[in-house]
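Ready for some practice in reading a protein model? Take a pencil, keep the picture open beside you, and try each exercise before you look at its solution.

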Amino acid sequence: MAGAVGPRGSASLSDFKFGAVDTQTIEDALLHLAQENERAVREARGQTGSFRETRIVEFVFLLSEQWRLEKSVSYQAVEILERFMVKQAESICSQAAPVVRGSEKAEPWSWRTRKEELCNTFVLRLVSCVQLASKLSFHYKIVSNVTVLNFLQALGYLYTKEELLESELAILKSLNFQINLPTPLAYVEMLLEVLGYNGCLVSAKQLHGTCLTLLDLVYLLHEPIYESLLRASIENFTPVEQRGKFVSVKEDFMLLAVGIIAASAFIQNQEWWCQVVEHLHSITGIATKGIAEFSYAILTHGVGASTPVRQQPALHHLAARPLRAAATCNM
């Protein structure tokens with residue numbers, strides 16, 4: 001697959017090409033993404049997803065647009081910032097716990113100082129995440145330190161180049177230098193590639209642009225969309241029990257990708273929807289009801305429409321497909 005270029009970049013969506021990779025490479029890449037997704041779902045914990053707030057995501061998106069970065073950089077920056085902030089929050093909470101319990105060994109001001117420092121440097125950390133994400137993309141020039149410092153100065157923050165480098169290093173060390181992880185966009189584009197390989201009549205290239213728009217939408221409306229999914233699943237569990245289990249669903253990028261693609265198919269042509277959902281089920285093993293529920297939530301919050309049948313869709317039988325990833329979530 002060629003790299004996707006969004007409206008924030010200097011090229012157009014028409015430059016994106018599907019069907020340019022051999023099947024063995026596609027199979028290997030799909031398996032790798034499925035394994036990464038399973039690991040992320042398995043490791044999801046209580047604080048995960050807390051920093052994908054609308055205002056934060058909007059800040060990253062607007063900054064990426066101002067610096068003319070490709071869309072993948074935006075998503076990567078959000079995910080880097082999310083992981084970093086969760087790590088910091090967990091560390092601060094672990095320091096605060098002994099204080100709450102009244103332990104004699106506790107240092108009451110230590111965690112408060114760290115919390116204050118984290119709040120005071122949040123904008124710097126956010127901008128550093130965008131800069132780090134830009135360094136992972138080989139399609140565009142890296143955002144320079146001068147550009148970053150000028151932007152921060154315009155907001156009233158005076159930092160030096162040394163402080164900027166220290167900020168990047170602090171993020172890298174906190175995440176053990178593991179920042180080049182798959183984003184939801186990688187899952188969407190891989191599944192579109194596999195749809196074309198498996199003989200789906202819907203044009204992957206035609207769906208791609210709509211998928212990018214809906215992915216932006218899901219990031220910006222992350223909380224209400226996932227709350228809708230939670231309410232839909234509560235009928236079989238108690239609210240407290242289901243909310244605890246639902247943390248892993250928020251980290252299931254494979255589930256997010258199939259929901260995005262199914263919703264895109266419905267927007268472009270409702271007659272495609274059932275066929276696309278069945279193909280996605282065949283590839284990922286995710287239940288058709290789960291795909292339908294996710295696409296329903298996206299369409300309801302995004303365009304005020306809903307899929308033809310919110311419950312289990314009546315889908316025609318198709319033969320098993322040659323490319324298939326392990327199921328990551330059966331809602």
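Below are six exercises on this predicted model, each with a worked solution.

**Exercise 1. Find out how many helices and strands the chain has, and how much of the chain is buried.**

Solution.
- Step 1: Count the elements. The chain has 14 helices and 0 strands.
- Step 2: Read along the sequence. The pattern is α-α-α-α-α-α-α-α-α-α-α-α-α-α.
- Step 3: Turn to burial. Of the 331 residues in the chain, 49% are buried.
- Step 4: Look at how contacts span the sequence. Among contacts with a separation of 6 or more, 78% join residues 24 or more positions apart.

**Exercise 2. Decide which stretches of the model have a pLDDT below 50.**

Solution.
- Step 1: Start with the whole chain. The average pLDDT is 80, and 75% of the residues score at least 70.
- Step 2: Check residues 1-14. Their pLDDT is below 50, although the stretch has 41 contacts in the model beyond near neighbours in sequence.
- Step 3: Check residues 309-331. Here too the pLDDT is below 50, and the stretch has 71 contacts beyond near neighbours in sequence.
- Step 4: Draw the lesson. Where pLDDT is low, predicted coordinates should not be read in detail.

**Exercise 3. Describe the largest nonpolar core and the surroundings of L126.**

Solution.
- Step 1: Recall a general tendency. In soluble globular proteins, nonpolar side chains tend to be buried together.
- Step 2: Give the size of the core. The largest nonpolar core has 89 residues.
- Step 3: Name the residues with the most contacts inside this core. They are W67, L126, V127, L191, I260, I261 and L280.
- Step 4: Ask which helix gives the largest share of this core. Helix 12 (residues 253-268) does, with 12 residues.
- Step 5: Zoom in on L126. Leaving out residues up to four places away in sequence, L126 touches I56, F59, V60, L63 and L81.

**Exercise 4. Compare the linings of the two cavities, then describe the second largest pocket.**

Solution.
- Step 1: Count the cavities. There are 2 cavities of 30 Å³ or more.
- Step 2: Take the largest cavity. Its volume is about 50 Å³, and its lining consists of R52, E79, P184, V218, Y219, H222, Y226, K250, F253 and L256.
- Step 3: See where this lining comes from. Helix 9 (204-220), helix 10 (222-233) and helix 12 each give two or more residues to the lining of the largest cavity.
- Step 4: Sort the lining of the largest cavity by class. It divides into 6 nonpolar, 1 polar and 3 charged residues.
- Step 5: Take the second largest cavity. Its space is about 30 Å³, and it is lined by Q76, E79, I80, R83, L175, Q178, I179 and L181.
- Step 6: Sort the lining of the second largest cavity too. It has 4 nonpolar, 2 polar and 2 charged residues.
- Step 7: Move to the second largest pocket, which holds about 470 Å³ of space. Of its 21 lining residues, R39, E43, R45, R83 and L181 lie nearest its centre.
- Step 8: Trace and sort the lining of this pocket. Helix 1 gives the largest share, 5 residues, and the classes are 8 nonpolar, 4 polar and 9 charged.

**Exercise 5. Work out what is notable about phi in R68 and F177.**

Solution.
- Step 1: Recall the rule. Most residues other than glycine have a negative phi.
- Step 2: Read the angles. Phi is near 55° in R68 and near 65° in F177, a positive value in each case.
- Step 3: Place R68. It sits in the loop between helix 2 (54-66) and helix 3.
- Step 4: Place F177. It lies in the loop between helix 7 (161-174) and helix 8 (184-197).

**Exercise 6. Are H208, S137 and R68 buried or partly exposed?**

Solution.
- Step 1: Fix the cut-off. Buried means under 20% relative accessible area.
- Step 2: Test H208 in helix 9. Its relative accessible area is 2%, so H208 is buried.
- Step 3: Test S137, in the loop between helix 5 (122-136) and helix 6 (145-154). At 10%, S137 is buried, and it touches E70 and V73, not counting residues up to four places away in sequence.
- Step 4: Test R68. Its relative accessibility is 48%, so R68 counts as partly exposed.

Technical notes
Residues numbered from 1 in each chain as written. Heavy atoms only, no water. 1 Å grid on protein atoms, 1.4 Å probe; cavity = no way out; pocket = protein on both sides within 12 Å on 5 of 7 lines; lining within 4 Å. Points joined across faces, edges and corners; volume = space filled by probe spheres on them. Helix = DSSP H or I, 4+ residues; strand = E, 2+ residues; numbered from the N terminus. Nonpolar A, V, L, I, M, F, W, Y, C, P; charged D, E, K, R; others polar. Core = buried A, V, L, I, M, F, W, Y, C linked by side-chain atoms within 4.5 Å. Buried < 20%, exposed > 50% of the residue type's maximum accessible area, 1.4 Å probe, protein only. Contact = heavy atoms within 4.5 Å. pLDDT = per-residue confidence, 0-100.
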